[in-house]
Structures are given as C-alpha cells and as structure tokens.
Protein chains: 2
Amino acid sequence: MRKISAEILCVGTELLLGDIINTNASYISARLSEIGVSVYHQAVVGDNEDRLKGAIKDALSRSDVLITSGGLGPTYDDITKETVSALLGIEMYYDKNIAERIHEYFKRIGRAMPPSNEKQAMTPVGAHIIPNPRGTAPGLMIDGKYQGKEVTVIMLPGPPCELEPMTDESVLPLLARKFNAEKGIFFSRNLHFTGIGESSLEEIIRPLMDSLNPTVAPYAGEGEVRIRITASAKSEDEGRRLCDEMIDKMLSYKVGKYLYSIDIPTIEETLVRLLSERRMTLSTAESCTGGLISKRLTDVPGASSVFPGGICSYAEKVKINALGVEGKTIEEHTAVSEECAKEMAERVRALMDTDIGVSVTGYAGPGGGDEANPVGTVYIGVSTSERTFVKRYSFSSLRDRVFIRRAASSYAMGLVLSEIGNGEFDIR
Amino acid sequence: MRKISAEILCVGTELLLGDIINTNASYISARLSEIGVSVYHQAVVGDNEDRLKGAIKDALSRSDVLITSGGLGPTYDDITKETVSALLGIEMYYDKNIAERIHEYFKRIGRAMPPSNEKQAMTPVGAHIIPNPRGTAPGLMIDGKYQGKEVTVIMLPGPPCELEPMTDESVLPLLARKFNAEKGIFFSRNLHFTGIGESSLEEIIRPLMDSLNPTVAPYAGEGEVRIRITASAKSEDEGRRLCDEMIDKMLSYKVGKYLYSIDIPTIEETLVRLLSERRMTLSTAESCTGGLISKRLTDVPGASSVFPGGICSYAEKVKINALGVEGKTIEEHTAVSEECAKEMAERVRALMDTDIGVSVTGYAGPGGGDEANPVGTVYIGVSTSERTFVKRYSFSSLRDRVFIRRAASSYAMGLVLSEIGNGEFDIR
C-alpha cells in the first residue's frame with residue numbers, strides 16, 4: 001500500500017459536552033494502524049456548520065483520507081453529508097434504494113418511520129454507499145478534489161455498534177481496494193490468550209511482532225491478551241492462508257496452552273460453548289473473586305444449560321457451613337491455601353452435581369496476605385471426575401484489587417478450558 | 001462568569017494508534033460544561049513538534065483557554081511545555097522547588113529517580129504551578145498573548161488518575177478565580193439515585209434543571225442516575241450552602257426514596273458502609289443476576305465484615321437443593337415469581353445466618369419470558385427479621401441483557417438500603 005495518511009473527525013455536541021467518551025476515534029485509529037495507514041490528527045467538533053466546515057478544510061488540506069463519524073442522522077442539525085458535499089462541490093440527490101432500505105429497516109424493527117428519516121436518503125452524486133445493517137444511516141465514501149489535491153472522505157454514523165462493524169466489514173476493504181490495487185483485501189484473525197501476562201507473551205513471540213504482512217498487534221486486557229493478526233491479500237482465501245500460517249508459527253513457540261480462543265471474543269463465551277459441545281456442566285466456589293466468575297458465565301445468553309450455579313463463600317463460616325470445607329483444613333492451612341481451594345472445588349462439584357467444579361481463593365488486596373501468601377496470591381482449584389488439582393498464581397502487588405479479581409476469574413476459566421480441552425484447545 | 005471558550009488538545013501517539021481511549025477529553029469537557037465554559041473543539045496530535053505547534057496555533061487563534069493533556073513526561077518526545085513556551089515567546093528556567101518535589105516523590109515511592117526526570121523541573125517563566133500529588137509532572141498555567149489576543153494555556157499530565165483530580169482540585173478553581181473575579185470557587189456535590197429511570201427522574205425535577213447557579217447536570221448509568229450540583233461561590237462555605245439548598249429543593253420533589261447516597265460514588269460502597277455502621281450482615285440469592293450483586297459487594301475492600309457470601313442459583317434444581325426453595329413453589333408459580341423471590345430471600349438469610357437476605361429472579365433476555373412476565377421482568381425479594389417483601393420491576397424490552405442485569409443488581413441493593421435506612425436514607 002502506498003503510504004497514505006488519514007485523519008478522524010468525530011461530529012457531535014454530546015462529545016464536546018463530555019456526555020459520552022469518544023471510542024470511535026480510538027477504534028478507527030487502531031484498525032487503520034493495523035493496515036499501515038498513518039493517523040496524525042483526531043478532532044471533535046459539534047453540530048455547527050462553520051466549525052464543521054473549518055475542521056473538514058483543515059483535515060483535507062493535510063491528509064489523503066478523512067473519516068468522519070456522526071452527523072448522518074435525520075434531524076436538522078445532522079449536517080456532515082451536506083457540509084462535505086458543499087466543500088467538494090458535489091450535488092446531492094434522493095437515492096430511492098437507500099430510502100427503500102430505511103423503510104425496510106423500520107418495518108423489521110416494527111416501528112413507523114418518522115418522516116424526518118427521508119432526509120437520510122439524500123446522497124452525494126457518485127458516492128459509494130457503505131451498508132449499515134444495524135441502523136438507518138448508511139455510510140458514504142466520496143472521492144473529490146480539494147485545493148487541487150485528490151482526497152477521499154468516508155462518512156460513518158456515530159453509534160459505535162454501527163460504526164465498528166462497518167469499519168471492519170467495509171471501510172478497511174474499501175481502503176485496501178483503493179490504495180492497494182494489487183492486493184485487494186484485509187483479513188484479520190484474533191487470538192485470545194489467558195494465564196500469561198502481556199509482556200511475557202510478547203517476549204516469547206517477539207520475532208513475529210515485526211512482521212509486515214500479516215501484521216501482529218497485541219492488546220492487553222485484565223488477565224487476558226488479544227493478538228490481532230491482519231493480512232493484506234488478493235483474496236479472502238489468501239488472507240486466511242497468511243493468517244493461518246502466522247498462527248502456526250505462533251503456536252510453534254509453545255504458547256498454545258495459553259490460547260483460549262480464535263475469534264471468540266470472550267473467555268466466558270468460549271467456555272460456555274465448549275461445555276455445551278461436550279454436554280458438560282460446571283459449578284463455581286468463589287472466595288476472593290466474590291461471584292465474578294458466575295457473573296461472567298451468566299453474561300453469556302444460554303449459560304443455564306451448562307452452569308446451574310455457584311457459591312460465593314466469602315466468609316470462612318460459609319466455606320464450612322454452606323460449602324462443606326473441613327474446619328480443620330482452614331485451621332491448619334488458612335482459607336488461602338492449596339488445601340482449601342481443593343476442597344472448595346470438590347465440594348461445590350458434589351453439592352451442585354456438576355461434571356466440573358472450579359474454586360478460587362486468594363488475597364485481592366488492598367488488605368490481607370502474609371509473608372508466604374502476599375496480596376496478589378490466588379489459588380485456583382479444578383475438580384473433575386478424573387482428578388482435582390490446584391494452581392497457585394502470584395499477581396504483582398502493583399496491581400489493584402480490580403485487576404487481581406478480574407485476572408483470577410479469567411485464569412480460572414482458562415484452567416477449566418485447558419482441562420476439558422486436554423491441555424491445548426482444539427478451536428480452529 | 002464572562003462567556004469564555006476553551007478547547008482541549010490531547011497529546012500522545014498512543015491515542016493516534018488507538019492503543020488507549022481518550023477519556024481525558026470527555027472528562028475535562030464535562031467539568032467545563034458544568035461551570036459554564038463552552039468547548040467547541042477537541043483535538044489529538046502525536047508527539048511531533050510541527051503538528052503539535054500547528055494544533056496549538058489553531059486552538060489559540062480560536063479560543064480563550066487551551067487545556068492540554070500529555071507530553072509533560074521526562075523523555076525527549078515530551079515537548080508540550082517547550083512548544084507552548086516557544087509559541088508564546090516565554091523563556092524557561094529550572095525550578096528548584098519542582099525539582100525538590102520530584103525528588104521527594106521518588107523517595108516516597110521508594111525508587112531511585114532517573115536523571116531524565118530533571119527535565120520536568122524546567123518551567124516557563126511566570127507560570128502558575130498546578131500541584132500533582134499523584135505523579136512527577138506538575139501542571140502549569142501560563143497567561144500570554146497570541147496574535148495580540150490574551151490567551152491562557154493550562155497543561156496537564158496525561159494519566160487520567162493524575163489529570164482528573166487536578167482538574168477538580170485546581171483547574172476549575174483557577175478558571176473561576178481568573179474569569180469570575182467576584183466569585184472565587186466552584187463547589188460540587190453528587191447525588192446518586194437508583195430505582196428510577198433517568199427520564200422519569202428528570203421529569204420530576206425538571207423545574208430545577210434550568211438553574212444557572214448552582215447548575216444541575218444528570219448522568220445516566222445502568223440502573224443508576226447521578227445528578228451533579230455545581231455552585232459558583234465566593235467561598236467553600238457559600239458553595240456548600242448553595243448546593244445544600246438545591247439538595248433540599250430537590251428532596252421536596254419527593255425523590256428522596258430513590259437517593260442512595262450523596263458523594264459516595266457507588267451503591268455497593270454505600271451499602272457496605274451502611275451495613276458496617278449498623279453492624280448488620282447481608283447475604284444474596286441470585287438467579288438472573290448470576291452473582292453480579294455479590295461481585296459488586298466484594299468489589300468494595302472490607303466487604304467481608306458485612307457480606308459472608310451468597311448463592312448463585314441459576315438452575316431450578318440449585319434453587320431447590322442448595323437454597324431450599326420448595327419444589328412446589330416453582331411448579332405452581334415458576335421460578336420467576338413473587339413467591340419464588342420471597343423464599344429465595346428467606347432461605348438464603350437462614351442458610352447464611354445473616355440479618356438480611358436479598359434475592360433476584362427474572363428474565364434478563366434475550367430468550368425466556370412469557371406473556372405475564374416478559375423479558376425485562378425482575379422480582380427482587382428482601383428478607384429481614386421483621387418482614388419479607390418482594391417488588392416487581394419491568395425494565396424495557398428495548399434494554400439488553402447487560403443493562404437489565406446491571407439495573408436489577410442496583411435496584412436490589414437500593415431496596416436493601418431503603419429497608420435498613422427506614423425508607424429514606426439519612427446520608428448527609
């Protein structure tokens with residue numbers, strides 16, 4: 001791809017009032033950076049014609065591509081399309097196909113279409129229409145000239161739930177076709193890891209990080225790391241092949257045991273899917289995570305078929321009375337111990353009559369902990385009909401309570417996945 | 001305050017790469033809007049001198065005040081201070097006091113100071129130093145002239161955990177003193193509501209929403225609404241008095257039963273505090289919220305003294321076997337019923353031997369529900385030594401699973417607060 005520069009202009013008074021956080025700018029920027037497009041400016045203006053015009057002029061005088069978000073709605077203060085067309089000297093027309101799609105959209109969601117939505121069918125002549133299956137405002141791509149320079153403007157609607165998939169499904173391929181003539185498309189795969197920190201993972205796969213095609217970009221979460229692999233290719237088949245070759249290379253670095261999914265975005269969704277496939281059930285006994293694992297599992301619609309429930313045994317007496325851990329286990333080893341985690345996992349599995357029981361006990365801080373088990377120490381137990389085992393993790397004491405709890409819940413689900421997936425997940 | 005306009009410029013390549021989301025722009029914008037300062041532009045540039053210079057020039061030519069974030073660090077590519085000073089024609093000097101504070105900071109956190117941090121003591125002549133107790137880079141306010149126009153530049157460090165308190169503690173008061181000579185300070189109080197939707201609450205208190213001093217600004221969360229009251233005043237005492245008068249007015253609209261705290265930021269923290277004060281304990285029996293209440297309670301450090309634990313009874317058999325709900329209750333009324341919620345609350349209270357038991361059962365969607373109890377229906381039970389009662393809520397079917405679960409957990413904690421606070425909370 002020839003070196004092109006893009007900038008992002010988000011339009012919306014609610015952004016200037018601080019009512020909403022601008023996630024669109026970072027989303028688009030991250031995706032562009034993965035395909036090698038440089039972003040040197042982001043800007044936000046309100047629904048004001050003069051200031052919008054000024055911002056568009058600034059952007060077009062500096063960059064090859066301008067991507068806007070917002071201002072494509074049906075009301076009188078939605079003026080992005082009109083302002084861009086005027087600046088590029090392009091007429092607008094009423095696009096019957098777009099009008100029809102808007103009518104269909106309202107039919108589908110079972111509401112009457114407000115007359116104002118007709119405005120959304122007005123389209124700059126020669127614009128490429130970017131489909132928006134999740135809303136009424138289609139996106140638009142216009143080529144034009146500004147001050148004698150060739151420029152491209154891509155306009156997207158403001159809601160992130162519409163803009164994000166449109167960016168992935170349409171904007172990146174359009175840019176690829178436009179500026180990358182011999183290589184037509186971009187193809188991405190996301191690898192999700194848990195049980196390993198971002199820097200440790202990066203260190204292992206460092207030799208792959210400098211790859212130019214496909215690119216390899218890490219994103220750190222709390223207790224999870226995502227690696228996005230993006231290939232520039234002539235066809236989807238070629239893109240998939242390039243990505244899969246990179247995945248194979250990555251797995252040759254022995255990181256497979258930390259990989260919990262490819263392209264399934266959360267560990268809880270991966271776990272619920274795998275349990276469903278295997279027709280297995282899971283129960284939870286949580287101390288320091290306090291219900292976070294059961295909360296995350298039940299975030300997934302349909303979790304009820306694999307997760308009947310769990311016990312949050314925050315106090316020792318609940319571990320003993322409700323869960324059935326031996327009092328003397330806690331007396332001898334404390335509640336934050338391998339022995340206690342083992343009994344918690346075994347007991348909850350029996351109590352809830354499930355195939356697997358998982359337990360977590362540890363010190364999430366800021367208080368608690370001792371010399372042997374400082375804040376950040378977490379024991380995770382997994383019990384199946386075959387065996388029960390416990391792993392001990394030490395999260396850095398620099399991490400806060402939120403991180404430690406979140407990471408412990410991810411690591412616990414990762415251990416269950418790894419156990420039922422026989423060590424490495426077979427997920428492609 | 002005379003009508004002034006400000007703009008926000010965030011400096012950092014990581015923003016342009018989409019590695020981090022720009023929360024600073026929305027945070028500063030929201031706070032400025034509350035004190036009546038208009039923000040018409042936000043911008044982001046990287047650590048590049050030419051583009052930074054261009055962005056600062058654009059801002060100063062348009063606005064009275066420019067607030068920057070980022071680029072105050074110790075490395076060679078941190079150039080905000082240098083670039084602003086150069087543009088305003090102001091010299092820099094080595095400020096021994098700042099250097100000393102940076103040395104002290106490193107002493108306090110027990111690390112050796114890297115020599116590069118000396119750079120952070122370089123200061124534009126005549127700048128007002130804005131203290132930063134949470135980091136090494138102090139903020140700076142400089143008055144100057146740009147193109148014959150009087151301008152003010154405020155520079156803040158990038159990390160939100162430093163920038164946000166600096167905005168509240170220093171930037172707003174500085175702007176107040178500067179542009180609002182007769183009224184020196186701003187004073188804010190935050191009212192937190194649950195059990196009522198944002199639009200219903202706004203409708204009730206509508207007459208107060210147009211107040212200019214103090215201003216009244218609502219922020220909607222999931223199942224919670226925050227109202228920030230901000231007074232412009234000559235002294236903190238006067239500011240507090242103005243806020244308290246507004247709070248009294250608001251309570252005269254009979255919204256007190258939905259108010260769960262003033263200035264305590266979360267409902268779980270409020271509940272843990274109130275339970276601690278009353279030396280009472282609480283247990284949870286959760287179906288559709290799946291552990292979210294116990295997760296939120298245990299987000300609060302020290303929750304263990306009031307929350308021994310809970311049961312996530314997602315499946316009917318767990319409601320019956322682990323919790324002790326009568327099989328025939330579920331048979332006759334289904335698990336999503338007043339009767340089931342009542343037994344769940346009573347049983348968990350007995351099982352966990354706590355003063356209060358709270359239960360949630362409902363349809364969070366997308367599947368489930370029937371004519372009588374469609375998706376969005378949630379029953380919340382509260383059991384104490386005095387009585388057990390159940391409330392039924394209907395969240396809009398337009399809301400998603402995440403919203404319904406989150407809102408149900410907030411409403412449940414709100415009901416407990418209301419019950420032990422005798423209907424209205426005594427929280428001032």
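This report describes the contact between two chains, the salt bridges, the enclosed and open spaces, and some features of the backbone.

## The model and its two chains

The structure is a predicted model. Chain A and chain B touch, and each of them brings 55 residues to the contact. Between them the two chains bury about 4,100 Å², and 57% of this area is on carbon and sulfur atoms. On the side of chain B, the residues that lose the most area to chain A are Leu16(B), Gln42(B) and Tyr314(B), which together account for 13% of what that side buries.

## How the chains are joined

Four salt bridges run between chain B and chain A. The general idea is simple: side chains of opposite charge can pair when their charged atoms come close. A salt bridge links Lys317(A) to Asp353(B), and the closest N and O atoms of this pair are 4.0 Å apart. There are also 26 residue pairs in polar contact between the two chains, counted where both residues have pLDDT 80 or more.

Which elements of chain B supply two or more residues to the side that touches chain A? They are the helices α1 (13-16), α2 (23-34), α3, α10 (292-297), α11 (316-323) and α14 (401-420), together with the strands β2 and β14 (309-313). The greatest contribution to this side comes from β2(B), with seven residues. Sorted by class, this side of chain B consists of 27 nonpolar, 18 polar and 10 charged residues.

## Salt bridges over all chains

Over all chains, the count of salt bridges is 46. One of the salt bridges is formed by Glu34(A) and Arg228(A), whose closest N and O atoms are 2.9 Å apart. Glu34(A) belongs to helix α2 of chain A and Arg228(A) to strand β11 of chain A, so this pair ties together parts that are 194 residues apart in sequence.

## Enclosed cavities

The model has five cavities of 30 Å³ or more. The largest cavity holds about 230 Å³ of space. It is lined by 23 residues, and those closest to its centre are Ala43(A), Arg62(A), Ala43(B), Asp58(B) and Arg62(B). Two or more lining residues come from each of β1 (5-11), β2 (38-45) and α3 (49-62) of chain A, and likewise from each of β1 (5-11), β2 (38-45) and α3 (49-62) of chain B. The lining of the largest cavity comprises 13 nonpolar, four polar and six charged residues.

The volume of the second largest cavity is about 120 Å³. Its lining has 13 residues, and those nearest its centre are Asn22(A), Ala25(A), Gln42(A), Asn22(B) and Val44(B). At least two lining residues are supplied by each of α2 (23-34) and β2 of chain A and β2 of chain B. By class, the lining of the second largest cavity has eight nonpolar and five polar residues, with no charged residues.

## The largest pocket

The volume of the largest pocket is about 880 Å³. Among the 17 residues of its lining, Glu224(A), Arg226(A), Pro265(A), Thr266(A) and Arg406(A) are the closest to its centre. The strands β9 (185-194), β10 (215-220) and β11 (224-233) of chain A each give two or more residues to this lining. How many residues of each class line the largest pocket? The lining divides into six nonpolar, four polar and seven charged residues.

## Features of the backbone

Cis peptide bonds occur in both chains, as the following two cases show. In chain A, the peptide bond from Gly365(A) to Pro366(A) is cis, with omega near 0 degrees. Pro366(A) lies in the loop between β15 (356-362) and β16 (377-383) of chain A. In chain B, Asn213(B) and Pro214(B) are joined by a cis peptide bond with omega of about 0 degrees. Pro214(B) lies in the loop between α7 (198-209) and β10 (215-220) of chain B.

A further feature concerns Asp263(A), a residue other than glycine with a positive phi, near 75 degrees. Asp263(A) is located in the loop between β12 (259-262) and α9 (267-278) of chain A.

Note on methods. Residues numbered from 1 in each chain as written. Chains lettered and ligands numbered in written order. Predicted model: local features only at pLDDT ≥ 70, side-chain atom pairs only at ≥ 80, totals over all residues. Heavy atoms only, no water. 1 Å grid on protein atoms, 1.4 Å probe; cavity = no way out; pocket = protein on both sides within 12 Å on 5 of 7 lines; lining within 4 Å. Points joined across faces, edges and corners; volume = space filled by probe spheres on them. Helix = DSSP H or I, 4+ residues; strand = E, 2+ residues; numbered from the N terminus. Nonpolar A, V, L, I, M, F, W, Y, C, P; charged D, E, K, R; others polar. Contact = heavy atoms within 4.5 Å. Buried area = accessible area lost by both parts, 1.4 Å probe. Salt bridge = Lys/Arg side-chain N within 4 Å of Asp/Glu carboxyl O. Polar contact = N/O pair within 3.5 Å; in protein donor to acceptor, adjacent residues only side chain to side chain.
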